[in-house]
Amino acid sequence: HGVAPNDPMTHGLSLALREKYPAMHKDFHHWCRQGHPKPGAAWMWGGPNGLRIVNLLTQEGGYGSGAAPGRATLHHVRDALRALHHMAVTEGFTSM
């Protein structure tokens, strides 16, 4: 699913995933604080029973107090899908 760096995950699919897997949200923000990712990247979270969720950074981050993430751009979506492809090959995904 598409997100922004440091996304609060308060709408749509992001909110549903945040509510179902609060550890994913916590780990995502830890990753963002540690690595300062740029739009166009992809991050995979491993959950229970082999579950994998890939966060595609398709938007500019909403940094600062109360700042909202920007809109997804074609450029960032393309780069994030390339990162996903690389991840799928590297990790040996058998399905998505």
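**Notebook: salt bridges and nonpolar cores**

I looked first at Asp79 and Arg78, whose side chains meet in a salt bridge at 3.3 Å, N to O, taking the term to mean a side-chain nitrogen of Lys or Arg within 4 Å of a carboxyl oxygen of Asp or Glu. I note that this is a predicted model, in which local features need pLDDT of at least 70 and side-chain atom pairs count only at pLDDT 80 or more, while totals for chains, interfaces and linings use all residues. Residues are numbered from 1 along each chain as its sequence is written, and side-chain values use heavy atoms, with hydrogens and water left out.

I then looked up Arg82, which forms a salt bridge with Asp79, the closest N and O atoms being 3.9 Å apart; the two are 3 residues apart in helix H3 (residues 74-91), so about one helical turn separates them (helices are DSSP runs of H or I, at least four residues, and strands of E, at least two, numbered from the N terminus). Arg78, Asp79 and Arg82 are thus linked in a network of salt bridges.

For exposure, I find Asp79 partly exposed at 22% relative accessible area, Arg78 partly exposed at 37% and Arg82 exposed at 54% (buried is under 20%, exposed over 50%, partly exposed in between, with a 1.4 Å probe and protein chains only).

Turning to the largest nonpolar core, I list 11 residues, among them Met9, Met24, Trp43 and Ile53 (a set of buried Ala, Val, Leu, Ile, Met, Phe, Trp, Tyr and Cys residues joined through side-chain atoms within 4.5 Å). Helix H2 (22-35), strand E2 (42-46) and strand E3 (52-57) each supply at least two residues of this core.
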